[in-house]
Amino acid sequence: MAARFNRLALTGAGLAAVLTAGAIAVANGGSSAATPAGVKISVADSYIPLPAGGDGMAAGYLTVRNTGSAADTLVRVSSPGAGSITMHRSTDSTMQEVDSLPVPAHGSLELARGGTHLMIMGWQKPPAVGDQLEVDLTFAKGGTITVQVPVKPLTYRPGS
């Protein structure tokens, strides 16, 4: 009887430890469990120039920094405030949709005018200067990061 009681007590203690660890991971957003060692992603300098036309199409720009020792890949971009967001790469004469964008270890991915950028279509409401669009960036290894991207005047240039 004492052996059965000890076995039940140990099983209960083990279950309590697992549940406690799970509760801690949820309270911390689970980011440490979802992010592998070596990937440390952050986003800076995000903005959307106010669209000039009334077609609801806009470009989005930002910098993804990876201070970790492992490379990652941006694989999906979405927003609850837009119908779709796609990733594009521009060259001198063309614009091409891409499925993913690399984020090097100890490096960055720059989405900037005239180069790689986001195309935002199907806004839930017409954008205005000062609005913010919630954008979810999903990485192959680093999980999803949500960024509030401000709408700036059409002529806005970072650092100006």
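**Exercise 1. Confidence along the chain**

Find where confidence in this predicted model is lowest and where it is highest, then decide which stretch to read with care.

*Solution.* Start with the two extremes. Helix H2 (residues 31–34) has the lowest confidence, with a mean of 33, while strand S3 (residues 72–78) has the highest, at 98. Next, put these beside the overall figures: the average pLDDT of the chain is 81, and 76% of the residues reach at least 70. Finally, look at the stretch that contains H2. Over residues 4–34 pLDDT stays under 50, and the model has two contacts beyond four places in sequence for these residues. That is the stretch to treat cautiously as you work through the rest.

**Exercise 2. The overall layout**

List the secondary-structure elements in order and state what share of the residues is buried.

*Solution.* Begin by counting: there are two helices and ten strands. Now walk from the N terminus, and the elements read α-α-β-β-β-β-β-β-β-β-β-β. Turning to burial, 34% of the 160 residues in the chain are buried. As a last step, consider how the chain contacts itself. Take the contacts between residues at least 6 apart in sequence; 69% of them join residues at least 24 apart.

**Exercise 3. Strand S8 and its partners**

Work out which strands pair with S8 and whether S8 is enclosed or open.

*Solution.* First take S2: this strand and S8 pair in the antiparallel sense over three bridges, and Ala58 stands opposite Ile120 in S8. Then take strand S4 (residues 82–90), which pairs with S8 in the antiparallel sense over six bridges. Here Thr86 has Met119 of S8 as its bridge partner. Now ask about burial. Five of the seven residues of S8 (residues 117–123) are buried, so this strand is largely enclosed by the rest of the structure.

One more partner of S4 deserves a look. S4 and strand S5 (residues 95–98) pair in the antiparallel sense over four bridges, and His88 has Glu97 in S5 as its bridge partner. With four residues between them, S4 and S5 form a hairpin.

**Exercise 4. The nonpolar core and Ile48**

Identify the residues with the most contacts inside the largest nonpolar core, then trace the contacts of Ile48.

*Solution.* The largest nonpolar core has 27 residues, and the ones with the most contacts inside it are Ile48, Leu74, Val77 and Leu137. Strand S9 (residues 132–139) supplies the largest share of this core, four residues. Now zoom in on Ile48, setting aside neighbours within four places in sequence. Its contacts include Ala58, Ala59 and Gly60, Ile120 and Trp123, Leu133, and the run Val149, Pro150, Val151 and Lys152. Ala58 also appeared in Exercise 3, opposite Ile120 in S8.

**Exercise 5. A loop glycine**

Place Gly56 in the fold, and settle whether Gly56 is buried, partly exposed or exposed.

*Solution.* Locate the residue first: Gly56 is in the loop between strand S1 (41–49) and strand S2 (58–66). Its relative accessibility is 21%, so Gly56 counts as partly exposed; the limit for buried is under 20%. Beyond four places in sequence, Gly56 is in contact with Ile120, Met121, Gly122 and Trp123. To finish, compare sequence and space: Gly56 and Lys125 are 69 residues apart in sequence, yet their C-alpha atoms are 8.9 Å apart.

**Exercise 6. The tyrosine cluster**

Classify the aromatic pairs in the structure and show which residues they join into a cluster.

*Solution.* The whole structure contains two aromatic pairs. In the Tyr47 and Tyr61 pair, the ring centres are 5.3 Å apart and the planes are at 40 degrees, so this pair is tilted. Tyr47 in strand S1 and Tyr61 in strand S2 are 14 residues apart. Both tyrosines count as buried, because Tyr47 has 5% relative accessibility and Tyr61 has 9%.

The other pair, Tyr47 with Tyr156, is edge-to-face: 4.8 Å centre to centre, with 70 degrees between the planes. This pair spans 109 residues, from Tyr47 in strand S1 to Tyr156 in the segment after strand S10 (143–152). At 24% relative accessibility, Tyr156 counts as partly exposed.

Now combine the pairs: Tyr47, Tyr61 and Tyr156 form one aromatic cluster. A final detail is the charged end of Lys152, which sits over the ring of Tyr156, 5.1 Å from its centre. Lys152 is also one of the contacts of Ile48 from Exercise 4.

Technical notes. Residues are numbered from 1 along each chain as its sequence is written. This is a predicted model: local features need pLDDT of at least 70, side-chain atom pairs count only at pLDDT 80 or more; totals for chains, interfaces and linings use all residues. Side-chain values use heavy atoms; hydrogens and water are left out. A nonpolar core is a set of buried Ala, Val, Leu, Ile, Met, Phe, Trp, Tyr and Cys residues joined through side-chain atoms within 4.5 Å. Buried means under 20% relative accessible area, exposed over 50%, partly exposed in between (1.4 Å probe, protein chains only). Contact means heavy atoms within 4.5 Å. Rings of Phe, Tyr and Trp (its six-membered ring) pair if their centres lie within 6.5 Å; planes under 30 degrees apart count as stacked, over 60 as edge-to-face and the rest as tilted. A charge sits over a ring if NZ of Lys or CZ of Arg is within 6 Å of the ring centre and within 35 degrees of the ring normal. Two strands pair if DSSP finds at least two bridges between them. pLDDT is the predictor's confidence in each residue, from 0 to 100.
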